[in-house]
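Please open the structure in a viewer and keep the sequence at hand. The tour below proceeds by selection, and each stop states what is to be found there.

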Amino acid sequence: MNSASGNVLRVRGISKSFGGVHAVNDVSFDVQEGEVLGLIGPNGSGKSTLFDCILGQLTPDTGEVYVGGEAVAGKRPCDLNKLGIARTFQMLQVFPEMTVLENIILAGQEHHGGMLSRLFGKRDAGLTEEADEMIAFFRLSHLRDQRAGSLSYGQQKLLDVAMAFMAGPRLVMLDEPAGGVNLTMLESLKEHLKVFNEERGATFVVIEHNMEFVMALCSRILVLSNGAIIAEGTPEEIRNDPDVIEAYLGA
Amino acid sequence: MAEFFQLLVSGLATGSIYALAAVGFTLLWQASKVINFAQGEFVMLPAFFILIGTQVLGWNFIVALLFALICTLVLLGYFFKRVIIDPMLPHGVLPIVIATIALGIVMRDSVKEFYSAEAQPFPAVFSEETVSVFGAVISVQDIAILITSLAAITLLQVFLTRTRTGRCMQATAQNRAVAEILGVNVKRMILYTFLINAALALMASVLISPIYLAKFSNGQSIGLIAFIAAIVGGFNQVRGALVGGLLIGVIDNLSAAYISAEYRTAFPLILLIIIILVRPQGLLGTAEERTV
């Protein structure tokens with residue numbers, strides 16, 4: 001177990017098939033505390049399925065997942081949330097009918113209080129201050145009391161990420177955070193994530209197709225192709241890896 | 001004028017009972033994409049739980065009401081979800097529709113077979129006196145029904161928007177996968193929805209049975225009207241179901257008095273057709289996008 005200290009997440013031999021298709025095939029990796037790990041690969045290489053298996057949304061056929069040394073395979077997503085791990089989706093995950101503040105509080109609240117307080121307790125769960133700070137960090141303060149559905153796509157994407165960090169203080173898994181975000185917003189998202197990692201030691205795993213984004217953000221990158229890890233290394237190593245180039249270009 | 005006012009108040013009273021059933025309808029739809037075609041029977045049955053208590057077991061009304069509350073929560077809330085909905089849900093909307101239609105038939109015919117095919121008198125919960133307001137004769141019972149139903153729906157709305165559990169239920173309804181990732185116990189929230197629907201059905205049952213008597217076939221018209229009310233008001237809004245229910249109650253009463261009593265059951269349907277043509281998302285509803 002000692003070797004595992006410092007590892008927020010350990011994934012061991014995860015496989016998942018749908019019918020005859022091996023979506024994820026014997027994948028193992030670790031995520032260290034404070035690390036930003038990139039997960040890249042062509043469309044359909046199994047990245048999102050891997051996320052689903054880790055978060056308990058899908059049950060892997062084989063393999064083990066450990067969060068902070070605790071085996072979590074077979075646990076429901078809402079139980080994993082209690083261990084401080086969260087994700088975002090390729091699609092927007094904000095609740096459009098609630099305000100920005102309400103979204104953030106909702107994301108953070110399950111860490112606090114028992115059943116009675118959830119039924120009768122204060123609606124903000126004592127989280128307003130923490131939520132405001134998170135909103136300010138992502139420069140959304142001027143939109144605090146607006147309906148999330150009325151925000152621009154880029155702003156909703158920022159809210160999305162803010163919610164994930166509120167829900168998963170220990171580890172956040174971002175599924176294509178830059179997808180569909182315009183260039184200015186992309187810069188600001190990258191900057192926010194970088195600062196979040198450097199200043200607060202936040203740990204996250206990022207799936208992303210935007211290479212420039214991944215290369216700038218991540219300290220280590222895994223490459224997935226046909227459900228298996230085909231390369232691992234620093235952005236520089238990955239950039240020059242012939243296997244990776246082949247997987248992407250099909251050369 | 002006095003007559004109009006009388007019709008308006010009694011229309012609002014019955015409409016508010018429809019609203020209770022319609023609100024339950026929309027809650028189930030929002031939380032788990034279940035359209036409960038047995039909803040009318042859900043309103044019919046609790047009255048018979050009470051009658052079993054008062055007539056068969058000889059209890060007083062309050063004890064029988066508690067007994068009915070437990071039966072309703074367990075049978076129409078918990079077991080309905082676990083035995084019918086949970087196994088059917090993965091197979092899509094249509095099997096649920098068929099299953100709930102079948103459940104409605106089973107409930108209707110069980111009551112007819114095992115209790116009685118006759119309409120049963122049902123004790124009035126509120127005073128049956130009338131009061132005179134500006135020359136109009138208003139039934140105290142109507143006013144009390146209206147206040148009780150509106151209070152229940154308001155309370156529900158406050159619960160959904162002001163409490164943390166209510167917010168988690170809304171989050172579950174808006175996006176289940178995300179809610180679960182954010183730590184919301186989605187299964188429990190959906191169970192709460194079914195229990196709330198059962199409680200609303202009991203309430204509607206207790207309020208409507210003194211007016212229409214308790215009869216096995218009551219559910220057919222109530223279920224249809226609740227369904228129409230939910231569509232007219234907007235299927236994805238609690239407020240919408242409330243407005244839809246009240247509107248149909250009033251239209252039903254006024255059209256029967258002023259246009260044609262023979263065609264009274266047709267008027268809610270005409271309203272439904274107009275709404276579907278002109279504003280398919282319902283009066284207060286918002287359009288839902290769905291990828292197919």
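How much of the accessible surface of chain B belongs to carbon and sulfur atoms? Select chain B and display its surface: the accessible area is about 13,000 Å², and carbon and sulfur atoms hold 68% of it. Such areas come from the Shrake-Rupley method with a 1.4 Å probe, and for residues only the protein chains shown count as cover.

Before proceeding, note that this is a predicted model, in which local features need pLDDT of at least 70, side-chain atom pairs count only at pLDDT 80 or more, and totals for chains, interfaces and linings use all residues. Residues are numbered from 1 along each chain as its sequence is written, chains are lettered from A and ligands numbered from 1 in the order in which they are written, and side-chain values use heavy atoms, with hydrogens and water left out.

**Chain B as a whole**

Change chain B to a cartoon. Its 11 helices and two strands follow one another in the pattern α-α-α-α-β-β-α-α-α-α-α-α-α. Here helices (H or I, at least four residues) and strands (E, at least two) are DSSP runs, numbered from the N terminus. The radius of gyration is 19 Å, close to the 19 Å that the globule rule gives for 292 residues, so chain B is as compact as a globular protein of that length. This radius is taken over C-alpha atoms, and the rule is 2.2 Å times the number of residues to the power 0.38. Along its principal axes, the C-alpha trace of chain B spans about 60 × 50 × 35 Å.

Of the 292 residues of chain B, 53% count as buried, meaning under 20% relative accessible area, with exposed over 50% and partly exposed in between (1.4 Å probe, protein chains only).

**Two helices of chain B**

Select residues 140-162 of chain B, which form helix 5, and find B:Ser149 within them. B:Ser149 has 0% relative accessibility and therefore counts as buried. Leaving aside neighbours within four places in sequence, B:Ser149 is in contact (heavy atoms within 4.5 Å) with B:Ser16, B:Ile17, B:Leu20 and B:Leu207. From B:Ser149 to B:Leu207 the sequence distance is 58 residues, while their C-alpha atoms lie 8.7 Å apart.

Next, select residues 164-174 of chain B, helix 6: eight of its 11 residues are buried, so this helix is largely enclosed by the rest of the structure. Among the buried ones are B:Arg164, B:Gly166, B:Cys168 and B:Met169.

**Chain A**

Select chain A, which contains 10 helices and 10 strands. Its C-alpha trace spans about 55 × 40 × 35 Å along the principal axes. Buried residues make up 53% of its 251 residues. The chain exposes about 10,700 Å², of which carbon and sulfur atoms supply 51%.

**Where the chains meet**

Finally, display both chains together. Which residues should be selected at the interface? In chain B, 25 residues are in contact with 30 residues of chain A. The area buried between the two chains is about 2,500 Å², and carbon and sulfur atoms give 58% of it; buried area is the accessible area (1.4 Å probe) that two parts lose on being put together, summed over both. Highlight B:Arg164, B:Ile181 and B:Leu182, which supply 35% of the area that chain B buries against chain A, more than any other three residues.
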